[in-house]
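Welcome! Here is a short briefing to help you find your way around a structure you have not met before. Take a look at it first, and then read on.

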Amino acid sequence: MSKKIPIKKFSLRILIFSIVIAGLSALFQWIVPQYASPALPFIVLFFFIITLFTIFIVLRDDQGKDGQRFVSSYMLSRVIKIFACLLFLFLYILLNRKDAWNFGISFIIVYFMFSIFEVILLRQESNDIAKRSSSN
């Protein structure tokens, strides 16, 4: 009998991480406003939503799914995330050319922060699954 992966646990962790990043972003905007994009809060919100969505895609099935299916879900989530990021980046820069550099740099930094966080979450969960499987 397989148990569901606790998506609520991951949602809470992503929410807390996003709040921390939003706080750091606000601090950055306050300290050096000339280098901060006014869209920084929206970048953090975008990554909160897209990370939550991609984590849901990867973890939506039972823990007992085979390795191939996990890899397929993970790759699908990566493709969706990359296209969503490119679309968001392209549209913002197209509409706000004056803020293009600050936005682009902020976007890339936040992208890497959320990507690293997401990999850490998924690695933790795969280690937990492996431990539970070996103990059964």
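This is a predicted model, and the mean pLDDT of its chain is 84. A pLDDT of 70 or more is reached by 84% of the residues. By element, confidence is highest in helix 1, with a mean of 92, and lowest in helix 4, with a mean of 83.

**Overall layout**
- The chain has 4 helices and 0 strands, so if you follow the sequence along you will read the pattern α-α-α-α.
- Of the 136 residues in the chain, 35% are buried.
- Take the contacts between residues at least 6 apart in sequence: 74% of them join residues that are at least 24 apart.
- About 8,800 Å² of the chain is exposed, and carbon and sulfur atoms supply 73% of that area.

**Helix 1**
- Helix 1 has 25 residues, which should span 36 Å at 1.5 Å a residue; the C-alpha atoms at its ends are 36 Å apart, in agreement with that value.
- Its buried residues are Phe10, Ile14, Phe17, Ser18, Ile21 and Ser25.
- To help you picture such a list, an α-helix has 3.6 residues a turn, so residues three or four places apart point the same way.

**The largest nonpolar core**
- The largest nonpolar core holds 25 residues, and those touching the most other members are Ile43, Phe47, Phe103, Phe107 and Phe114.
- At least two residues of this core come from each of helix 1 (7-31), helix 2 (40-59), helix 3 (67-95) and helix 4 (100-135).
- Helix 2 gives the largest share, with 10 residues.
- In soluble globular proteins, nonpolar side chains tend to be buried together.
- For a closer look, try isoleucine 43: neighbours within four places in sequence aside, it is in contact with Phe88, Phe103, Ser106, Phe107 and Val110.

**Serine 37, a loop residue**
- You will find serine 37 in the loop between helix 1 and helix 2.
- Is serine 37 buried or exposed? Its relative accessible area is 0%, and being under the 20% cut-off, serine 37 therefore counts as buried.
- Which residues is serine 37 in contact with, leaving aside its neighbours within four places in sequence? They are Gln29, Tyr92, Asp99, Asn102, Phe103 and Ser106.
- With one of these residues, aspartate 99, serine 37 makes a polar contact from side chain to side chain, at 2.5 Å.
- Phe103 and Ser106 are also among the contacts of isoleucine 43.

Key:
Residues are numbered from 1 along each chain as its sequence is written. This is a predicted model: local features need pLDDT of at least 70, side-chain atom pairs count only at pLDDT 80 or more; totals for chains, interfaces and linings use all residues. Side-chain values use heavy atoms; hydrogens and water are left out. A nonpolar core is a set of buried Ala, Val, Leu, Ile, Met, Phe, Trp, Tyr and Cys residues joined through side-chain atoms within 4.5 Å. Buried means under 20% relative accessible area, exposed over 50%, partly exposed in between (1.4 Å probe, protein chains only). Contact means heavy atoms within 4.5 Å. A polar contact is a pair of N or O atoms within 3.5 Å; within protein, one must be able to donate a hydrogen and the other to accept it, and residues adjacent in sequence count only if both atoms are side-chain atoms. pLDDT is the predictor's confidence in each residue, from 0 to 100. The expected span of a helix is 1.5 Å times one less than its number of residues. Accessible areas come from the Shrake-Rupley method with a 1.4 Å probe; for residues, only the protein chains shown count as cover.
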